[in-house]
Amino acid sequence: MGQVLDGTNITIGTCYYPEHWGREMWESDLCRMKEAGIEVVRIAEFAWSKVEPREGEYTYGFFDDFLDLAQAKGMRVIFSTPTATPPAWLTEEYPEVLNATRDGDLIRHGSRRHYNYNSPVYREFCANIVERFASHYAGHPAIIGWQIDNEFNCENWEFYSESDNVAFRRFLKDKYKTVEKLNEAWGTVFWNQTYTAFSEVYVPRRTNTWAVNPHLHLDYIRFISDSVCSFAAMQADILRKYLKEGDFITTNGMFGHIDNHRLTRDNLSFYTYDSYPNFGYCVDGFQPDEPMKDRWWSRNLTEVRSISPRFGIMEQQSGANGWNVSMEAPTPRPGQMTLWTMQSIAHGADYISYFRWRTCPFGTEMYWHGILDYSGRENRRIQELREIHRKLANLQEVAGAVYTPQVAVVRDYDNQWDAEVDHWHGRLQRQSEDALFVALQQEHVMFDYVYLDDSVTAGQLAKYSVLFYPHPEILTPQREKLLEQYVAAGGRLVVGCRTGQKDLRGFCVMDNLPGLAAHLTGTDVPEYSLAAPDESDVRVDWDGVKLAAPVFWDMLAPTGADAKVLARYEGGCYAGEPALICNSFGSGETYYFGSTFDVENVKVFLRRLGVAEPFAAIVRLPGSCELAVRKKGAVDYIFVLNYGKDAVTVTLGIPMFELVGAQWEQGEVALDGYGVKVYRH
Ligand code: GAL
């Protein structure tokens with residue numbers, strides 16, 4: 001049987017739970033799926049007890065029967081390891097496998113993901129069940145790949161069990177070797193936190209001030225990531241022994257406190273994402289003036305692409321969000337299921353699996369709708385699915401094409417996590433990252449996220465004409481060198497305030513700021529300040545254009561002959577002082593902006609750096625539409641996605657063939673509300 005994500009086709013699938021339904025329903029469900037265009041089902045991720053109903057008692061017939069039937073019906077299967085939901089017999093007998101709250105209360109059976117990654121007992125049970133699943137099922141011809149667990153760190157990304165204390169100490173001992181080194185790295189002399197033995201160290205506990213020691217906290221997040229990666233590696237190592245040739249290993253989701261790049265690089269064939277754009281409309285968090293709503297998922301897809309350039313969607317929204325305890329959102333409107341599918345494809349996913357085939361009439365997720373409602377009757381969503389399948393037949397040539405932007409937003413895990421620990425850093429980071437996304441979307445500039453880790457080379461950065469690295473507070477000599485090489489070779493780097501002010505431990509550097517970035521940016525920061533609440537009207541004048549300067553200001557001074565002051569503060573305590581410095585460095589330039597980014601000031605950067613509206617000569621589109629381009633050889637596939645409910649007009653600069661409707665179009669073209677066009681250029 002053929003594979004998914006091999007660059008030759010776009011495939012659709014669904015998530016199916018044979019254990020939720022009477023066996024007599026399986027066959028007709030599979031036949032109906034096939035008739036609607038579904039070629040793959042993902043199963044078993046919560047079904048431990050179907051194979052090991054009691055400790056040490058194994059029964060394989062249930063999934064044997066399902067797999068045989070799937071094979072007979074020509075359905076391919078992604079099989080999952082069931083470790084996200086340990087059985088009741090296990091947690092009752094071995095409570096040490098449970099996660100705990102920060103105060104040490106155990107998190108009990110009755111929901112999901114209640115385990116901790118570090119319990120040796122849980123690891124042993126998991127190794128055993130994965131071995132059993134893999135040795136028994138992996139040879140089955142219906143299986144094409146494996147999903148490990150389900151959504152690592154979903155719902156909870158903090159771990160406070162006794163096993164975590166023990167593992168944290170081990171992690172720290174590996175890292176620092178001696179308790180003296182640990183004391184140094186965490187600055188424990190402050191407030192008399194000095195340890196005399198590793199046994200005195202704990203994962204964060206309740207403390208008297210707002211937070212625990214920030215350097216401990218940062219290492220704790222690194223430790224959680226390390227725990228997830230080693231838990232996944234334990235499973236991947238077992239699966240690999242049994243995989244058939246060509247079968248893949250993946251996992252799904254994308255949650256906090258995980259170095260997903262490492263997770264993927266070390267263990268997976270590719271990553272899969274779970275895309276629920278209607279979270280943008282969840283009643284709880286709904287903000288009527290939020291301009292992007294379901295477009296935030298483009299940002300998540302951009303992040304997934306960074307983790308795994310080849311990726312699929314394991315769970316694509318097909319019905320309303322709804323747990324019976326939270327997260328209510330409307331049913332996707334006609335066209336939205338198609339729009340969101342195309343959003344995933346536009347960003348590079350060639351495998352789209354809908355969550356879920358049938359809506360479950362019981363349990364916490366009884367209002368989380370799938371394609372079919374409780375009765376299974378014919379409905380609008382399965383009709384839309386058939387339509388999607390028909391449209392995808394016209395889009396097959398897009399498979400394997402690559403999203404190729406000219407701009408990247410640079411990140412690294414040290415700064416992402418430090419921004420969680422450090423309130424100041426977090427404010428800047430959120431402000432600038434959100435603004436960058438909105439401005440890039442509205443100016444129709446495609447972008448990648450690039451995470452700087454040891455594997456990234458200047459050659460890989462060279463394809464971007466502009467890098468935004470909004471607030472690299474933590475800077476390492478290695479990353480600084482990489483940025484130097486990028487700029488020297490002709491790149492343009494834009495950074496914001498607080499650049500270079502910390503080291504890897506999260507200590508403030510005792511150099512003049514911007515620390516390691518001083519040479520590259522030709523900038524000195526003699527002074528800085530948070531904006532006071534009554535100073536929100538401070539502006540920066542850049543050749544007559546007034547830019548906002550929210551949250552924070554670095555007062556700047558140029559150093560060296562190649563550094564030019566481009567803009568100065570107007571108002572505030574640094575009125576008249578430099579606010580933006582451009583430094584020529586080799587063949588490129590750096591731009592040090594002394595403040596944070598907002599939507600309008602990013603747009604000015606994009607325009608002045610000549611990267612706004614890169615496809616304007618070919619297609620002009622309103623702000624409610626996203627532009628995304630996938631490239632294959634000399635051909636560009638230009639996706640235009642209308643997130644608004646009203647029809648809009650798109651203007652083509654040249655006649656182009658539109659793949660969904662299979663016709664030539666030119667001039668002014670009407671695009672329906674939630675409509676999608678895919679042009680071949
Ligand atoms: C995902 C998860 C699924 C299901 C779905 C809807 O996060 O992987 O198992 O829970 O959300 O809530």
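# A walk through the model, starting at strand 23

Select strand 23 first: seven of its eight residues are buried, so this strand is largely enclosed by the rest of the structure. Before you go on, keep in mind that what you have open is a predicted model.

**Stop 1: the neighbours of strand 23**

In your viewer, strand 23 covers residues 635-642. Now add strand 22, residues 625-632. The two run antiparallel and are joined by eight bridges. To see how they line up, pick K632 and look across to V635 in strand 23, which stands opposite. What links these two strands? They form a hairpin with two residues between them. Click on G633 in that turn, and you'll find a positive phi of about 55°.

Next, bring in strand 26, residues 676-680. Strand 23 pairs with strand 26 as well, again in the antiparallel sense, over five bridges. A handy pair to highlight here is L641 and V676, since V676 in strand 26 is what L641 stands opposite.

**Stop 2: strand 26**

Stay with strand 26 for a moment. Is it mostly buried or exposed? Four of its five residues are buried, so strand 26 is largely enclosed by the rest of the structure. Besides strand 23, try showing strand 24, residues 648-658. Strands 24 and 26 run antiparallel too, with two bridges joining them. Select E658 and Y679 together: E658 stands opposite Y679 in strand 26.

While you have strands on screen, here's a bit of background: in a regular strand the side chains alternate between the two faces of the sheet.

**Stop 3: strand 24 and its other partners**

Keep strand 24 selected and add strand 21, just residues 619-620. This pair is antiparallel, with two bridges. V619 is the residue to click, as it stands opposite L652 in strand 24.

Then add strand 25, residues 663-671. Eight bridges join strand 24 to strand 25, and the two run antiparallel. Check V650, which stands opposite V669 in strand 25. How many residues lie between strand 24 and strand 25 in their hairpin? There are four, and A662 in the turn has a positive phi of about 50°.

**Stop 4: E665**

Zoom in on E665, which is found in strand 25. Its relative accessibility is 7%; buried means under 20%, so E665 counts as buried. Show its side chain along with that of K677, and you'll see a polar contact of 3.0 Å joining them. Who else is around? Leaving aside neighbours within four places in sequence, E665 is in contact with L652, I654, P655, M656, E658, K677 and Y679. You've already met L652 opposite V619, and E658 opposite Y679.

**Stop 5: W553**

Jump to strand 17, residues 552-558, and pick W553. W553 is buried, with a relative accessible area of 1%. Display the backbone of A549 too: its backbone oxygen lies 2.9 Å from a polar atom of the W553 side chain. Then draw a distance between the C-alpha atoms of W553 and S529; these residues are 24 apart along the chain, and the separation is 5.5 Å.

**Stop 6: two helices**

Select helix 18, residues 599-608. Which of its residues are buried? Among them are N601, V602, K603, V604, F605 and L606. Just after helix 18, look for G610, which takes a positive phi of about 75°.

Now move to helix 12, residues 380-395, and click on I388. I388 is buried, with a relative accessible area of 0%. Leaving aside neighbours within four places in sequence, I388 is in contact with M337, T338, T341 and Y354. If you'd like to link this helix back to where you've been, try V678: the C-alpha atoms of I388 and V678 are separated by 13 Å, with the two residues 290 apart along the chain.

**Last stop: the ligand**

Finish at the ligand. Select the residues around it: F46, R112, N150, E151, D274, Y276, E315, W323, F355, E365 and W368. This shell divides into five nonpolar, one polar and five charged residues.

Now show distances to the ligand's oxygen atoms. From R112, a polar side-chain atom lies 2.9 Å from a ligand oxygen. For E151, an N or O atom of the side chain is 2.4 Å from an oxygen of the ligand. W323 also has a polar side-chain atom 3.0 Å from a ligand oxygen. How much of the ligand's surface does the protein bury? Taken alone, the ligand exposes 300 Å², and the protein buries 94% of that.

Technical notes. Residues numbered from 1 in each chain as written. Predicted model: local features only at pLDDT ≥ 70, side-chain atom pairs only at ≥ 80, totals over all residues. Heavy atoms only, no water. Near = heavy atom within 4 Å. Polar contact = N/O pair within 3.5 Å; in protein donor to acceptor, adjacent residues only side chain to side chain. Areas by Shrake-Rupley, 256 points an atom, 1.4 Å probe, with all protein chains shown as cover. Nonpolar A, V, L, I, M, F, W, Y, C, P; charged D, E, K, R; others polar. Buried < 20%, exposed > 50% of the residue type's maximum accessible area, 1.4 Å probe, protein only. Pairing = 2+ DSSP bridges. Contact = heavy atoms within 4.5 Å.
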